[in-house]
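Colleague: I would like to go through this complex with you, beginning with the core and then the interface. Please give the general idea each time before the case at hand.

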Amino acid sequence: MKRLVVGAHYGLRDWLAQRITAAIMVVYTGFAVAVVLAHQPITYPVWKELFARGWMRVATLLFAVSLAWHAWVGVRDILMDYIKPDGLRLTLQVLFILLLASYLGWAVQILWR
Amino acid sequence: MASASAKKIRPKYLSLPAILFQIRLPVPGWVSILHRISGALLVIPFTAWLLYLLDTSLRDEEGFQAIRGYLDLPLVKLGMLVFIWAYCHHLFAGIRYLLLDLDVGIELRSARITGWIVIVAGLLLTAVLGASLW
(Lines give C-alpha, C1' and ligand atoms only; values in the text may rest on other atoms or scores of the structure.)
Protein backbone atom coordinates (compact mmCIF):
# COMPACT_ATOMS: atom_id res chain seq x y z
CA MET A 1 0.00 0.00 0.00
CA LYS A 2 1.29 3.38 -0.91
CA ARG A 3 1.11 5.77 1.99
CA LEU A 4 1.86 9.42 2.35
CA VAL A 5 3.79 9.96 5.53
CA VAL A 6 4.21 13.70 5.73
CA GLY A 7 2.67 16.95 4.65
CA ALA A 8 0.28 17.93 1.94
CA HIS A 9 3.04 18.58 -0.60
CA TYR A 10 2.52 22.31 -0.58
CA GLY A 11 6.17 22.93 0.34
CA LEU A 12 7.56 22.95 -3.18
CA ARG A 13 4.61 24.87 -4.58
CA ASP A 14 4.94 27.57 -1.91
CA TRP A 15 8.70 27.71 -2.36
CA LEU A 16 8.24 28.25 -6.09
CA ALA A 17 5.37 30.71 -5.65
CA GLN A 18 7.44 32.79 -3.25
CA ARG A 19 10.22 33.07 -5.83
CA ILE A 20 7.99 33.80 -8.82
CA THR A 21 6.05 36.47 -6.92
CA ALA A 22 9.38 37.91 -5.73
CA ALA A 23 10.60 38.20 -9.32
CA ILE A 24 7.34 39.93 -10.34
CA MET A 25 7.74 42.45 -7.51
CA VAL A 26 11.39 43.17 -8.42
CA VAL A 27 10.31 43.94 -11.99
CA TYR A 28 7.40 46.12 -10.82
CA THR A 29 9.68 48.03 -8.43
CA GLY A 30 12.09 48.94 -11.23
CA PHE A 31 9.16 49.79 -13.51
CA ALA A 32 7.40 51.96 -10.90
CA VAL A 33 10.58 53.88 -10.05
CA ALA A 34 11.21 54.51 -13.77
CA VAL A 35 7.62 55.67 -14.35
CA VAL A 36 7.69 58.06 -11.38
CA LEU A 37 11.08 59.46 -12.42
CA ALA A 38 9.80 59.96 -15.97
CA HIS A 39 6.79 61.99 -14.75
CA GLN A 40 8.56 64.53 -12.55
CA PRO A 41 7.38 66.73 -11.01
CA ILE A 42 4.49 64.69 -9.60
CA THR A 43 1.45 66.90 -9.16
CA TYR A 44 -2.07 65.68 -8.43
CA PRO A 45 -3.24 65.64 -12.09
CA VAL A 46 -0.09 63.73 -13.13
CA TRP A 47 -0.48 61.28 -10.23
CA LYS A 48 -4.17 60.70 -10.95
CA GLU A 49 -3.61 60.35 -14.69
CA LEU A 50 -0.87 57.79 -14.02
CA PHE A 51 -3.13 55.48 -12.03
CA ALA A 52 -5.99 55.99 -14.48
CA ARG A 53 -4.10 54.11 -17.18
CA GLY A 54 -5.04 50.50 -17.77
CA TRP A 55 -1.50 49.11 -17.84
CA MET A 56 -0.57 50.87 -14.62
CA ARG A 57 -3.66 49.50 -12.88
CA VAL A 58 -3.06 45.97 -14.12
CA ALA A 59 0.65 46.09 -13.26
CA THR A 60 -0.12 47.41 -9.78
CA LEU A 61 -2.80 44.77 -9.27
CA LEU A 62 -0.31 42.10 -10.31
CA PHE A 63 2.10 43.52 -7.72
CA ALA A 64 -0.59 43.52 -5.03
CA VAL A 65 -1.57 39.91 -5.73
CA SER A 66 2.10 38.89 -5.72
CA LEU A 67 2.64 40.71 -2.44
CA ALA A 68 -0.32 39.04 -0.76
CA TRP A 69 0.75 35.56 -1.88
CA HIS A 70 4.45 36.16 -1.10
CA ALA A 71 3.63 37.64 2.31
CA TRP A 72 1.39 34.69 3.13
CA VAL A 73 4.22 32.19 2.55
CA GLY A 74 6.59 34.35 4.62
CA VAL A 75 4.12 34.90 7.47
CA ARG A 76 3.30 31.19 7.57
CA ASP A 77 7.02 30.36 7.80
CA ILE A 78 7.51 32.79 10.67
CA LEU A 79 4.45 31.52 12.56
CA MET A 80 5.52 27.89 12.09
CA ASP A 81 8.96 28.74 13.47
CA TYR A 82 7.99 30.72 16.56
CA ILE A 83 4.41 29.91 17.59
CA LYS A 84 4.33 26.41 19.05
CA PRO A 85 0.77 26.01 20.44
CA ASP A 86 -1.35 24.73 17.54
CA GLY A 87 -4.51 26.63 18.45
CA LEU A 88 -2.75 29.97 18.73
CA ARG A 89 -0.82 29.40 15.51
CA LEU A 90 -3.96 28.49 13.59
CA THR A 91 -5.76 31.55 14.95
CA LEU A 92 -2.91 33.83 13.93
CA GLN A 93 -2.73 32.21 10.50
CA VAL A 94 -6.43 32.88 9.94
CA LEU A 95 -6.02 36.48 11.12
CA PHE A 96 -3.12 37.03 8.74
CA ILE A 97 -5.05 35.55 5.82
CA LEU A 98 -7.86 37.99 6.60
CA LEU A 99 -5.38 40.87 6.88
CA LEU A 100 -3.70 40.07 3.57
CA ALA A 101 -7.07 39.59 1.86
CA SER A 102 -8.13 43.00 3.21
CA TYR A 103 -4.97 44.59 1.86
CA LEU A 104 -5.75 43.12 -1.55
CA GLY A 105 -9.36 44.28 -1.43
CA TRP A 106 -8.26 47.76 -0.42
CA ALA A 107 -5.75 47.87 -3.29
CA VAL A 108 -8.45 46.90 -5.82
CA GLN A 109 -10.74 49.55 -4.37
CA ILE A 110 -8.04 52.22 -4.74
CA LEU A 111 -7.16 51.19 -8.28
CA TRP A 112 -10.72 50.93 -9.62
CA ARG A 113 -12.49 53.76 -7.91
CA MET B 1 36.44 15.27 31.37
CA ALA B 2 34.15 14.96 28.42
CA SER B 3 33.43 11.35 27.63
CA ALA B 4 32.07 10.09 24.36
CA SER B 5 29.05 8.73 26.13
CA ALA B 6 28.17 12.02 27.77
CA LYS B 7 24.74 12.88 26.51
CA LYS B 8 24.04 16.33 25.27
CA ILE B 9 20.71 17.71 26.28
CA ARG B 10 18.68 18.32 23.20
CA PRO B 11 16.92 20.51 22.26
CA LYS B 12 18.97 23.20 23.89
CA TYR B 13 16.99 26.31 24.72
CA LEU B 14 18.91 29.55 24.76
CA SER B 15 18.33 32.50 27.02
CA LEU B 16 17.73 35.89 25.47
CA PRO B 17 21.09 37.29 26.71
CA ALA B 18 22.81 34.29 25.13
CA ILE B 19 21.04 34.94 21.85
CA LEU B 20 21.88 38.64 21.97
CA PHE B 21 25.45 38.67 23.30
CA GLN B 22 27.07 35.24 23.21
CA ILE B 23 26.21 33.90 19.80
CA ARG B 24 28.08 35.74 17.12
CA LEU B 25 26.15 35.45 13.93
CA PRO B 26 28.11 35.25 10.66
CA VAL B 27 27.24 37.85 8.00
CA PRO B 28 24.89 35.58 6.01
CA GLY B 29 23.09 34.96 9.31
CA TRP B 30 22.58 38.69 9.77
CA VAL B 31 21.28 38.99 6.21
CA SER B 32 18.87 36.17 6.97
CA ILE B 33 17.43 37.46 10.24
CA LEU B 34 17.21 41.01 8.88
CA HIS B 35 15.42 39.62 5.82
CA ARG B 36 12.87 38.06 8.16
CA ILE B 37 12.51 41.18 10.35
CA SER B 38 12.19 43.51 7.35
CA GLY B 39 9.64 41.16 5.78
CA ALA B 40 7.53 41.17 8.93
CA LEU B 41 7.72 44.98 9.11
CA LEU B 42 6.61 45.26 5.49
CA VAL B 43 3.47 43.20 6.24
CA ILE B 44 2.74 45.14 9.45
CA PRO B 45 2.65 48.14 9.42
CA PHE B 46 4.10 49.28 6.11
CA THR B 47 1.69 47.74 3.57
CA ALA B 48 -1.25 49.24 5.43
CA TRP B 49 0.51 52.58 5.71
CA LEU B 50 1.38 52.73 2.02
CA LEU B 51 -2.15 51.75 1.01
CA TYR B 52 -3.41 54.59 3.18
CA LEU B 53 -0.98 57.04 1.52
CA LEU B 54 -1.95 55.84 -1.97
CA ASP B 55 -5.66 55.90 -1.14
CA THR B 56 -5.67 59.45 0.22
CA SER B 57 -3.26 60.90 -2.35
CA LEU B 58 -5.34 59.56 -5.26
CA ARG B 59 -8.71 60.59 -3.83
CA ASP B 60 -8.67 64.30 -4.71
CA GLU B 61 -6.44 67.37 -4.87
CA GLU B 62 -7.05 68.04 -1.17
CA GLY B 63 -6.01 64.55 -0.19
CA PHE B 64 -2.89 64.81 -2.34
CA GLN B 65 -1.85 68.05 -0.65
CA ALA B 66 -2.66 66.59 2.76
CA ILE B 67 -0.28 63.69 2.10
CA ARG B 68 2.35 66.20 0.91
CA GLY B 69 2.13 67.97 4.26
CA TYR B 70 1.92 64.70 6.17
CA LEU B 71 5.17 63.49 4.58
CA ASP B 72 6.90 66.65 5.81
CA LEU B 73 6.38 65.74 9.47
CA PRO B 74 9.66 64.61 11.08
CA LEU B 75 8.15 61.49 12.66
CA VAL B 76 6.56 60.49 9.36
CA LYS B 77 9.91 60.97 7.62
CA LEU B 78 11.51 58.72 10.22
CA GLY B 79 8.86 56.09 9.52
CA MET B 80 9.50 56.48 5.80
CA LEU B 81 13.21 55.94 6.45
CA VAL B 82 12.52 52.65 8.24
CA PHE B 83 10.21 51.62 5.38
CA ILE B 84 12.88 52.42 2.79
CA TRP B 85 15.45 50.39 4.69
CA ALA B 86 13.09 47.43 5.12
CA TYR B 87 12.14 47.48 1.43
CA CYS B 88 15.72 47.85 0.17
CA HIS B 89 17.18 45.22 2.49
CA HIS B 90 14.39 42.76 1.74
CA LEU B 91 14.77 43.38 -2.01
CA PHE B 92 18.55 42.99 -2.07
CA ALA B 93 18.62 40.01 0.27
CA GLY B 94 15.84 38.46 -1.80
CA ILE B 95 17.78 38.86 -5.03
CA ARG B 96 20.77 37.25 -3.27
CA TYR B 97 18.60 34.27 -2.30
CA LEU B 98 17.30 33.93 -5.84
CA LEU B 99 20.91 33.82 -7.06
CA LEU B 100 21.83 31.29 -4.35
CA ASP B 101 18.95 29.12 -5.59
CA LEU B 102 20.59 29.24 -9.02
CA ASP B 103 23.88 28.13 -7.42
CA VAL B 104 25.42 31.56 -7.91
CA GLY B 105 27.71 32.63 -5.06
CA ILE B 106 27.31 29.59 -2.85
CA GLU B 107 30.99 29.35 -1.87
CA LEU B 108 31.64 30.51 1.71
CA ARG B 109 33.84 33.40 0.63
CA SER B 110 31.46 34.74 -2.01
CA ALA B 111 28.45 34.16 0.25
CA ARG B 112 30.10 36.35 2.89
CA ILE B 113 31.02 39.02 0.36
CA THR B 114 27.51 39.17 -1.13
CA GLY B 115 26.13 39.22 2.42
CA TRP B 116 28.14 42.34 3.16
CA ILE B 117 27.09 43.87 -0.16
CA VAL B 118 23.40 43.32 0.68
CA ILE B 119 23.69 44.89 4.14
CA VAL B 120 25.80 47.86 3.00
CA ALA B 121 23.73 48.47 -0.15
CA GLY B 122 20.53 48.51 1.89
CA LEU B 123 21.92 51.03 4.37
CA LEU B 124 23.55 53.13 1.65
CA LEU B 125 20.40 53.40 -0.45
CA THR B 126 18.43 54.24 2.70
CA ALA B 127 20.91 57.03 3.45
CA VAL B 128 20.74 58.40 -0.10
CA LEU B 129 16.94 58.29 -0.31
CA GLY B 130 16.69 59.53 3.27
CA ALA B 131 18.87 62.52 2.43
CA SER B 132 16.52 63.41 -0.43
CA LEU B 133 13.58 63.23 2.01
CA TRP B 134 15.09 65.90 4.24
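**Core and interface**

Modeller: In the largest nonpolar core, which has 19 residues, the members that touch the most others are A68(A), A71(A), Y87(B), C88(B) and F92(B). Bear in mind that this is a predicted model.

Colleague: What is the general idea behind looking for such a core?

Modeller: In soluble globular proteins, nonpolar side chains tend to be buried together. Here, the elements giving two or more residues to the core are helix 3 (54-82) and helix 4 (86-111) of chain A, along with helix 2 and helix 4 of chain B. Helix 4 of chain B contributes the most, with seven residues.

Colleague: Which residues is C88(B) in contact with, leaving aside its neighbours within four places in sequence?

Modeller: They are G122(B), L125(B) and T126(B).

Colleague: How should I read the interface?

Modeller: The size of an interface is often given as the accessible area lost when the parts come together. For this complex I can offer residue contacts: 18 residues of chain B are in contact with 17 residues of chain A. On the chain B side, helix 2 (27-59), helix 3 (61-70) and helix 4 (74-101) each give two or more residues. The largest share, 11 residues, comes from helix 2 of chain B.

Colleague: How do the residues on that side of chain B divide into nonpolar, polar and charged?

Modeller: There are 10 nonpolar, four polar and four charged residues on the side of chain B that touches chain A.

Colleague: What confidence does the predictor give?

Modeller: The complex has an ipTM of 0.89 and a pTM of 0.88. Chain B averages a pLDDT of 91, and 96% of its residues score at least 70.

Key. Residues are numbered from 1 along each chain as its sequence is written. Chains are lettered from A and ligands numbered from 1 in the order in which they are written. This is a predicted model: local features need pLDDT of at least 70, side-chain atom pairs count only at pLDDT 80 or more; totals for chains, interfaces and linings use all residues. Two residues are in contact if their C-beta atoms, placed from the backbone, lie within 7 Å. Helices (H or I, at least four residues) and strands (E, at least two) are DSSP runs, numbered from the N terminus. Ala, Val, Leu, Ile, Met, Phe, Trp, Tyr, Cys and Pro count as nonpolar, Asp, Glu, Lys and Arg as charged, and the others, Gly among them, as polar. pLDDT is the predictor's confidence in each residue, from 0 to 100. A nonpolar core is a set of buried Ala, Val, Leu, Ile, Met, Phe, Trp, Tyr and Cys residues joined through C-beta atoms within 7 Å. A residue is buried if 20 or more other C-beta atoms lie within 10 Å of its own, exposed if 12 or fewer, and partly exposed in between; C-beta atoms are placed from the backbone.
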